[in-house]
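Pull the model up in your viewer and keep the sequence alongside. We'll walk through it piece by piece, starting with a small backbone puzzle.

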Amino acid sequence: MRVMNLWLAGVLVGLTLSCAAWGKGAVLVVNSAGASLSVVDMDTQKELRRIPVLREPHHLMLTPDGRELLVGDTAGNEMLFLDPATFELKRRMTLADPYQLGFSPDGRLLVVTGLARAQVDVYDARSMQLVKRFPLASMPSHLDFSPDSSAVYVSLQGTGKLAALDLRRLAVLWTAAVGKAPAGVMWQNGRVLVANMGEDNVAVVDPTDGRVERRIRTGKGAHQLFRSPDGKIIWVNNRVEGSTVSLDAATLAVGHTYRVPGGPDDIVFAPDGKLWITERFAQKVAVLDPTTGTMTEIDVGRSPHGIYMNASAQAR
Amino acid sequence: MDLNVPFDLAAGWLQENLLLPVMYRLDLMQWEDVSLGWALFAVYGLAQVAVMYAICLPLEKWRPVENWPDKRAVAVDVVYTLIARVGLLPLLTFVVFYQLQVWLSGWMTDHGWVPPTLERLIPGLLGHQLLTFFLYVVILDFFDYWRHRLSHVFNWWYALHALHHAQRQMTFWSDDRNHLLDEVISFVWFMAIGLAIGISPLQFPLIVLLLRLLESLSHANTRVSFGWLGERLLISPRFHRAHHGVTAAGLRSVNYGAILPWWDMLFRTADFTREFVRTGDPTAEEVFASGGYMAQQWAGMRRLVRSVARTPRTTSRAAPAAPFRAGTPD
């Protein structure tokens with residue numbers, strides 16, 4: 001009996017300890033100027049460990065089947081393939097200047113922008129063979145697809161334009177001026193939204209010809225756009241103003257503005273409704289509760305950029 | 001605690017509160033990612049100057065080699081230091097080196113060559129930043145030895161480098177006293193080596209700070225040596241002062257190394273025997289020693305043109321330097 005009690009006590013202690021160690025989930029933060037990835041425990045909101053990478057990682061993307069997490073290391077000319085459950089590095093692939101990346105909605109193609117090399121590469125998502133390279137001046141940065149996967153829209157940060165690429169004919173459909181230093185791109189209700197970082201607005205663009213239909217003022221340095229999990233809100237980070245703004249996804253009317261200092265960049269949404277936002281210049285991740293407006297911060301590495309959350313990940 | 005954090009936060013503050021608003025106003029927001037790198041280097045550059053001042057000045061007060069009643073010649077070296085460590089060097093690193101590195105390594109990747117890095121050559125180094133950096137330092141220091149030695153071999157190159165040697169009041173500020181063109185040549189040299197071995201400027205700013213501190217210390221006006229063994233491991237003020245000696249200036253000198261004396265020992269240019277010699281270059285025009293920043297730059301260009309026009313080598317070759325005691329005629 002005594003042995004049994006000891007065993008039960010041991011099991012209970014073990015379970016408690018393992019829960020504390022594994023947490024409720026984990027967040028992976030890409031430290032672009034620190035050549036590392038931070039693994040953060042969602043429960044304790046503490047950095048658990050850092051994974052070294054070669055040079056300068058920026059963005060990440062989950063494969064359509066959810067089995068691999070891709071992280072692009074631009075100056076390292078590498079694509080890293082991680083296990084999204086444990087963040088273990090599974091393999092590396094040599095690839096020129098992978099900055100922003102995205103899979104077409106049909107899962108067939110992977111599009112990679114090379115910001116420093118002024119190129120957009122289209123890969124076969126399954127074989128990772130390069131299908132087509134588009135030299136595009138200049139600084140192609142962010143991208144999004146039409147829902148039918150027929151086109152990808154890429155912001156050209158250096159020339160103030162948006163490029164539409166036909167993914168069936170593999171040809172440039174059009175390029176059109178949309179504003180100064182355009183960054184974030186999002187397809188929304190048959191229109192393309194482009195956040196103009198050199199201005200204070202999001203341009204609403206006609207996907208057929210690139211004409212700007214109207215502009216929605218969000219704040220200085222409008223940078224990136226994120227859709228909430230329920231699809232009702234679009235969040236816009238304003239880099240210069242240091243704020244995060246909510247837009248009604250149906251009407252694009254401006255809702256709330258929250259002060260987020262430190263150059264807010266990318267966002268992931270936690271199951272509890274909070275927004276995890278990378279703060280590029282503060283070496284932190286902000287955790288914003290939009291219901292109360294309160295915010296806490298988590299220390300990570302230098303210049304945190306891309307962010308990925310797995311609420312069921314085994315954080316350690 | 002990560003010692004980089006206070007510097008990183010200061011750079012972030014600079015980026016958020018000064019650089020971004022200015023770039024937004026000037027329509028330069030497309031460069032906001034690169035400007036963070038510049039901010040990091042500028043902050044680390046300022047920290048270098050502050051740490052250098054805090055460490056070297058007490059040493060110069062404690063055991064000076066020479067005392068000068070008029071220190072105006074030192075003031076111009078302060079200008080050189082600020083330009084090199086807070087302005088020019090960070091700007092060149094980020095506008096030129098960064099872009100070139102991305103372009104070249106991406107081009108190599110496209111052609112099926114894996115861009116070289118030590119970490120790819122020795123995969124075990126990944127994650128061991130201190131060890132990796134030490135290896136990078138050894139390689140860079142080796143090539144810097146040859147850059148410096150060659151600047152004493154070619155007449156046209158020494159025409160520029162003479163500015164560095166002309167200082168008779170050598171202090172810890174004198175490390176960055178270089179002709180702008182000489183700085184550009186050095187930068188291109190380092191860039192080529194850096195590209196060839198895949199060094200990443202962003203990963204090691206704190207260690208770069210320490211190395212630059214060593215280079216400043218080696219120029220300090222102080223009677224400090226590291227002892228028999230120490231001087232064979234790291235370059236001391238005594239060892240480097242011999243390189244700046246009046247009789248060692250010119251096309252043949254000794255002790256060319258910057259951080260490690262190993263290359264001087266290996267290639268038989270080390271001289272551990274000299275005491276604290278008088279510094280300067282008697283072959284240089286007076287403006288090289290006592291002129292203002294712009295006058296020195298202009299004089300350097302004139303000397304360069306003259307040296308290119310004149311085919312035979314005319315700069316004096318060095319004779320072995322005599323030991324020098326402060327206050328005694330040399």
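Where in chain B is R268(B) found? Look in the loop between α11 (262-266) and α12 (286-290) of chain B. One thing to keep in mind while you look: this is a predicted model. R268(B) isn't a glycine, yet its phi is positive, at about 60 degrees. Is R268(B) buried or exposed? It counts as exposed, because just 8 other C-beta atoms lie within 10 Å of its own.

Chain A has a similar case to look at. A35(A) is not a glycine either, and its phi is positive too, at about 50 degrees. You'll find A35(A) in the loop between β1 (26-31) and β2 (36-41) of chain A. With 26 other C-beta atoms within 10 Å, and 20 being enough to qualify, A35(A) is buried.

Now zoom out to chain B as a whole. Its secondary structure adds up to 13 helices and zero strands, so reading from the N terminus you get α-α-α-α-α-α-α-α-α-α-α-α-α. The chain has 330 residues, and 43% of them are buried. How much of the contact list is long-range? Taking the contacts in chain B with a separation of 6 or more, 74% are between residues 24 or more positions apart.

Start at the front of that run, with helix α1 (residues 5-25) of chain B. Its 21 residues, at 1.5 Å each, should span 30 Å, and the end C-alpha atoms sit 29 Å apart, so the two figures agree. That doesn't make the helix straight, though: α1(B) bends by about 40 degrees at Q15(B). Q15(B) is also one of the buried residues of α1(B), along with others including D8(B), A11(B), G12(B), L14(B) and E16(B). Further along, L19(B), L20(B), M23(B) and Y24(B) are among the buried ones as well. What do the buried residues of α1(B) pack against? Their partner is α2 (32-62) of chain B. After α1(B) comes D27(B), with a positive phi near 60 degrees.

Next, move on to a helix pair in the same chain. Helix α5 (residues 129-151) of chain B and helix α7 (residues 180-197) of chain B have axes that come within 11 Å and cross at roughly 145 degrees. The crossing of α5(B) past α7(B) is right-handed. On the α5(B) side, the residues involved are Y136(B), I139(B), L140(B), F143(B) and R147(B). Facing them from α7(B) are S186(B), W189(B), F190(B), I193(B) and I197(B). Sorted by class, this contact has eight nonpolar residues, one polar and one charged.

Give α7(B) the length check that α1(B) had. Its 18 residues should span 26 Å at 1.5 Å a residue, and the end C-alpha atoms are 25 Å apart, so the numbers agree here too. Just after α7(B), G198(B) takes a positive phi of about 70 degrees.

How do the two chains meet? In all, 34 residues of chain A are in contact with 33 residues of chain B. On the chain A side, those residues divide into 14 nonpolar, twelve polar and eight charged.

For a close-up that involves both chains, go to A96(A), in the loop between β7 (89-94) and β8 (101-103) of chain A. A96(A) is buried, since 25 other C-beta atoms lie within 10 Å. Leaving out residues up to four places away in sequence, A96(A) touches N77(A), G114(A) and R117(A) in its own chain, and G106(B), T109(B) and D110(B) across in chain B. For a sense of scale, A96(A) and T257(A) are 161 residues apart along the chain, with 38 Å between their C-alpha atoms.

Two more stops in chain A finish the walk. L109(A) sits in strand β9 (residues 109-114) of chain A and counts as buried, because it has 21 C-beta neighbours inside 10 Å. Beyond its neighbours within four places in sequence, L109(A) is in contact with S104(A), V122(A), Y123(A), D124(A), A125(A) and L167(A). Finally, check the peptide bond from A137(A) to S138(A): it is cis, with omega near -20 degrees. S138(A) is in the loop between β11 (130-135) and β12 (140-145) of chain A.

Key
Residues numbered from 1 in each chain as written. Chains lettered and ligands numbered in written order. Predicted model: local features only at pLDDT ≥ 70, side-chain atom pairs only at ≥ 80, totals over all residues. Axes fitted to C-alpha atoms, helices over the stretch in contact; angles between N-to-C directions. Helix = DSSP H or I, 4+ residues; strand = E, 2+ residues; numbered from the N terminus. Left-handed = near helix turned anticlockwise from the far one by under 90°. Contact = placed C-beta atoms within 7 Å. Nonpolar A, V, L, I, M, F, W, Y, C, P; charged D, E, K, R; others polar. Expected span 1.5 Å × (residues − 1). Bend = angle between axes of the 7 residues up to and from the residue. Buried ≥ 20, exposed ≤ 12 C-beta atoms within 10 Å, placed from the backbone.
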